[in-house]
Each structure stands twice: as C-alpha cells, then as structure tokens.
Amino acid sequence: MFSPDDNRHMARAVKLSGRGLYTTTPNPRVGCVLVRNGRVIGEGWHERAGAPHAEAAALASAGGSARGATAYVTLEPCAHQGRTPPCANALVQARVARVVAAMQDPNPLVSGEGFAILQAAGIETACGLMQDAAEELNVGFMSRMRRGRPWVRMKIAASLDGKTALLNGRSQWITGEAARRDGHRWRARACAVLTGIGTVKDDDPQLTVRGVRTTRQPLRVIVDSRLETPPRARVLGPGTLVAAAIHDEGRTQALQARGAEVIVLPNAAGKVDLAALMHELARRELNEIHVEAGYKLNGSLLAEGLVDELLLYFAPHILGDAARGMFHLPALEDLAQRRPARVHELRRVGEDIRVIARIKT
C-alpha cells in the first residue's frame with residue numbers, strides 16, 4: 001500500500017512534528033511534507049496553539065505550487081474552525097492530488113470528517129503509515145481524546161535499592177546533574193507538573209522548568225487535602241492550582257493572595273478525589289501530567305490506576321531499609337496481585353540509569 005518514498009517522506013513529517021514537542025499544547029504535535037513529482041516542495045509543523053497548522057505552514061512553504069502534490073501529514077487534516085481555519089479545506093483549495101496521514105484524528109467529534117472532505121473533492125486518501133510513531137509523540141493528546149483524562153507520567157529518582165528519600169524526608173540530591181537536567185526536559189514537554197503537600201513541606205520545590213530552553217512553564221498542581229500549603233511556599237504564584245478536599249475560606253484566600261487557584265474535589269474518605277482531578281485537568285485541555293511527588297501520593301495514584309508511565313532514574317547508591325520507598329502501597333499476599341509493567345526504554349544518563357516503564361492495563 002505504501003512505497004519506500006511514502007515511508008521516507010512520512011518519516012520526515014514525523015521528525016518535523018517533534019519540533020513542537022515543548023510548544024503545541026493543548027494541540028497535537030503535527031508535521032507535514034508536500035511532494036510533487038518526487039521532489040519536496042514544502043514542509044511545515046505546528047508550533048503552538050493559534051499558529052498555522054502543519055498543513056497550512058507546508059502550503060505556505062510551497063508558495064502556491066501544491067497542485068497535484070501529495071501531502072504527508074502525521075494527523076488527519078482538521079475539518080472544523082478552531083483558532084485556525086480547517087486544513088482539509090485548505091488542501092482542497094490547493095488542489096493536492098493525494099493525502100497520506102499517519103493517524104486518524106482521535107477526537108470523536110471530528111474523527112473521519114477531514115478525510116470525508118478530501119474524498120468528496122476527489123482527493124485520494126490513505127491512513128496508517130507510521131501510526132505508532134505519530135501516536136508516540138502525542139500520547140497525551142490521544143489519552144485526553146480517547147479516555148477523557150491526560151497521560152500521567154510519574155518521575156521518580158531513587159537509589160539502586162529503590163529508595164527515594166531518607167527517613168527524615170530529605171531527597172536532594174539522589175541522582176546526578178545529568179539526570180536532573182534530563183528530568184527538566186520531561187517537565188518542559190508536560191502540560192502540568194503535579195506534586196503533593198508532603199513534597200511541598202519537605203523540599204519547598206519550585207516545580208518550574210530550569211536549564212532547558214522553553215517558551216512556557218507548565219501549570220503547577222498541588223494535591224493538598226487540608227489546605228496546608230504554606231503561603232510562602234516557592235511553588236505558589238500565577239500558574240499554580242491547589243486541589244483540596246475541604247473548604248477553608250481563610251486558607252484559600254491566603255493561597256489566592258499568592259496567585260494560586262484553589263479547587264475542592266473531595267472523595268468519600270476526605271481526601272482529594274484523584275480521578276476527578278485528572279478529569280478536571282483534561283477539561284482544562286491538559287494532555288500530559290508530569291508527577292514529581294512522594295511515596296504516599298505515588299502509591300495513591302498507582303493504586304487508583306491513574307499512572308500510565310514511570311520515568312525512573314536509578315542512582316548508584318544504597319540508602320537502606322529505613323529510607324522511604326517509591327510507592328506507599330498495601331502489602332500483597334500473592335505475587336498474582338503485583339502490578340505488571342513493560343519496560344519501554346532503558347538508557348544511561350550520566351552516572352545514573354533511566355528506565356521508562358509503562359503500566360499494563
């Protein structure tokens with residue numbers, strides 16, 4: 001169905017889409033290549049929400065010479081008016097002859113509509129070329145559209161024996177500088193960085209992206225059931241969301257005075273309803289959530305089935321049994337109760353080992 005040239009041009013489109021890794025949220029990362037008579041005549045990628053989509057950028061790059069061309073695009077061309085005009089219509093107006101897409105739009109409200117517009121205009125369409133690569137770059141967008149919640153990536157820095165902090169809570173620094181810098185790159189691609197009140201009290205983190213070039217800072221989210229976040233905490237400010245389980249006007253006003261927003265989402269146990277929080281973050285169009293929390297919140301998120309991916313950094317140290325572990329979970333009585341995961345990637349980062357593992361569902 002697809003030729004070697006098709007594969008080569010789509011590979012280029014996928015590579016272009018990666019240029020929007022840190023900037024496109026809440027939109028997907030999309031690349032496009034226009035080819036006519038075997039020659040690339042235009043390229044483009046979506047840079048940020050409100051900017052031209054990949055197809056529009058590629059058509060502009062082609063300078064009006066796209067008639068009869070093939071468009072290789074990593075996502076089905078959009079068919080609705082949003083911040084920008086529909087790309088399917090733009091391709092029809094440019095009179096391209098063929099559109100090859102890596103994947104169909106996962107938005108159930110528009111999925112297939114772009115292809116329908118193209119086909120009605122007599123444009124040949126094909127879909128599925130390098131779909132896995134295109135979806136991998138958009139795991140958060142796909143999750144939000146298909147499941148109604150963001151993709152949750154949990155970052156943990158641990159010793160070789162799986163310890164994340166000393167018994168007194170101290171954890172800075174377990175891993176080396178290279179691993180910490182790598183962690184900031186993962187922060188930069190996320191829509192929000194989420195932590196718990198325990199980490200705020202123990203470490204007073206900023207949860208901002210540092211040491212990595214970025215044009216935006218992710219939303220900072222604190223899970224704080226009893227509104228115990230100190231008003232002087234460094235994490236507070238515009239772009240901070242505090243999720244609580246109680247109403248307390250005085251504490252809420254103190255946090256709002258620092259620029260934070262407070263929402264109340266209690267569960268039956270008087271804690272923050274974590275599943276409801278994830279749905280609220282999806283409602284706010286957040287695709288990827290980067291968790292940097294302590295072992296208690298890590299365990300709660302894992303136990304509730306809200307973790308998709310583990311980003312683990314193991315440092316060549318031993319901290320011993322008394323130190324804190326990675327997850328606070330109830331004891332298992334049988335190995336059949338263990339939570340299965342799949343190693344997605346393994347590599348060395350400085351003196352540390354990075355493991356990316358995906359939770360099997």
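What radius of gyration does the chain of 361 residues have, and what would a compact globule have? The chain has 23 Å, which agrees with the value near 21 Å for a compact globule with 361 residues; the radius is taken over C-alpha atoms, and the globule rule is 2.2 Å times the number of residues to the power 0.38. The model is predicted: local features need pLDDT of at least 70, side-chain atom pairs count only at pLDDT 80 or more, and totals for chains, interfaces and linings use all residues. Residues are numbered from 1 along each chain as its sequence is written, and side-chain values use heavy atoms, with hydrogens and water left out.

Along its principal axes, the C-alpha trace spans about 65 × 45 × 40 Å. The secondary structure comprises 11 helices and 14 strands, defined as DSSP runs (helices H or I, at least four residues; strands E, at least two) numbered from the N terminus. Buried residues (under 20% relative accessible area, 1.4 Å probe, protein chains only) make up 50% of the 361 residues. Of the contacts (heavy atoms within 4.5 Å) with a separation of 6 or more, 68% involve residues 24 or more positions apart.

Gln253 lies in helix H9 (residues 249-257). With 44% relative accessibility, Gln253 counts as partly exposed, the class between buried and exposed (over 50%). Gln253 and Val40 are separated by 213 residues in sequence and by 57 Å in space, C-alpha to C-alpha.
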